Amino acid sequence: MAAAIAAGAIADDTLCRLPTSGAKPSTRDSHVAAVDTSGGRLLIHGGGAYKTREFDDLWAYDLAGNSWTEITPSGTTKPAGRKYHVAAMDTSSGKLLIHAGNGDLDDLWAYDLAGNSWTELTPSGAKPAGRNDHAVAMDASSSRLLIHGGQEEGKLDELWAYDLADRKSTRLNS
């Protein structure tokens with residue numbers, strides 16, 4: 001793809017379907033994606049097949065090689081299948097973070113790219129209630145994951161910060 005752009009076959013501002021080879025993730029919706037800039041790949045996690053199941057798998061799309069690889073983490077600990085969750089990359093630690101989903105999950109997980117393993121991050125003190133349809137952003141300067149809004153039994157306007165170094169959640173608005 002990069003070669004095609006460099007050769008002028010595809011304009012820089014063109015939206016196009018990326019070619020793939022080999023195995024690929026099954027058809028799904030409500031999954032999450034984040035870019036691993038140091039590895040040059042797109043990571044996707046979870047999602048669902050319409051009204052039938054929720055996936056707990058993790059896939060990587062090599063942006064230079066145009067191929068998918070299913071990632072098989074070491075160990076047996078991993079997040080339950082889910083959809084309607086959120087994800088962010090913590091580039092300073094090389095971790096993919098996923099939060100909540102399905103409306104009732106309130107957990108936070110980190111996938112360590114170098115260690116190829118999942119760890120559940122359990123905050124001290126209060127933490128956000130289970131939710132879906134929310135948003136997150138990684139604040140790399142303070143090593144905090146910011147969690148906003150979503151739905152539980154109604155719409156939420158909360159803003160939470162999860163400090164990755166101290167493993168503490170704090171509600172930033174009341």
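Here is a working chat about the sheets, one loop residue and the internal spaces of a predicted model.

Biologist: Before we start, what kind of model is this?

Modeller: It's a predicted model.

Biologist: Okay, sheets first. In what order do the strands from E7 to E10 sit in their open sheet?

Modeller: The order is E7-E8-E9-E10, so to speak straight along the numbering. Those 4 strands form an open sheet with antiparallel pairing.

Biologist: Which ones are the edge strands?

Modeller: Strand E7 (86-90) and strand E10 (117-120). Each of them pairs on one side only.

Biologist: And by how much are neighbouring strands of this sheet turned against each other?

Modeller: By 25° on average, with direction ignored.

Biologist: How many bridges join E7 to E8?

Modeller: There are 5 bridges between E7 and strand E8 (residues 95-101), and the two run antiparallel. To pick out a pair, Asp90 has Lys95 in E8 as its bridge partner.

Biologist: Moving along, how many bridges do E9 and E10 pair over?

Modeller: They have 4 bridges, again in the antiparallel sense. Tyr111 is matched with Trp118 in E10 as its bridge partner.

Biologist: What do E9 and E10 form, and how many residues lie between them?

Modeller: They make a hairpin, with 4 residues between the two strands. Look at Asn116 in that turn: its phi is positive, at about 50°.

Biologist: Now the other sheet, the one with E1 in it. What's the strand order there?

Modeller: That open sheet goes E1-E2-E5-E6, with 4 strands and antiparallel pairing. At its edges you'll find strand E1 (32-36) and strand E6 (67-71), each pairing on one side only. Neighbouring strands in this sheet are turned by 25° against each other on average, direction ignored.

Biologist: How many bridges join E5 to E6?

Modeller: Strand E5 (residues 58-62) is joined to E6 by 5 bridges, and they run antiparallel. Within that pairing, Trp59 has Glu70 in E6 as its bridge partner.

Biologist: Where is Asp57 found?

Modeller: In the loop between strand E4 (53-54) and E5.

Biologist: Does it count as buried or exposed, and why?

Modeller: Asp57 counts as buried, because its relative accessibility is 13% and the cut-off for buried is under 20%.

Biologist: What does the side chain of Asp57 make a polar contact with?

Modeller: With the side chain of Trp59, at 2.9 Å. That's the Trp59 whose bridge partner in E6 is Glu70.

Biologist: Changing topic: how many cavities of 30 Å³ or more does a search of the whole structure find?

Modeller: Just 1. The largest cavity has a volume of about 50 Å³.

Biologist: Which residues line it?

Modeller: The lining of the largest cavity includes His99, Asp106, Asp107, Leu108, Tyr162 and Ser169. Strand E9 (residues 105-112) gives the most to that lining, with 3 residues.

Biologist: How does that lining of the largest cavity split by class?

Modeller: It has 6 nonpolar, 2 polar and 3 charged residues.

Biologist: What about the largest pocket, how much space lies in it?

Modeller: About 380 Å³. It is lined by 13 residues, and the closest to its centre are Arg17, Thr20, Lys24, Pro25 and Trp68.

Biologist: And the classes in the lining of the largest pocket?

Modeller: There you get 6 nonpolar, 4 polar and 3 charged residues.

Note on methods: Residues are numbered from 1 along each chain as its sequence is written. This is a predicted model: local features need pLDDT of at least 70, side-chain atom pairs count only at pLDDT 80 or more; totals for chains, interfaces and linings use all residues. Side-chain values use heavy atoms; hydrogens and water are left out. On a 1 Å grid over the protein atoms alone, a cavity is a set of points where a 1.4 Å probe fits but cannot get out, and a pocket is an open set with protein on both sides within 12 Å along at least five of seven lines; lining residues have an atom within 4 Å of a point. Grid points are joined across faces, edges and corners, and a volume is the space filled by probe spheres set on the points. Ala, Val, Leu, Ile, Met, Phe, Trp, Tyr, Cys and Pro count as nonpolar, Asp, Glu, Lys and Arg as charged, and the others, Gly among them, as polar. Two strands pair if DSSP finds at least two bridges between them. Axes are lines fitted to C-alpha atoms, for helices over the stretch in contact, and angles run from 0 to 180 degrees between N-to-C directions. Buried means under 20% relative accessible area, exposed over 50%, partly exposed in between (1.4 Å probe, protein chains only). A polar contact is a pair of N or O atoms within 3.5 Å; within protein, one must be able to donate a hydrogen and the other to accept it, and residues adjacent in sequence count only if both atoms are side-chain atoms.
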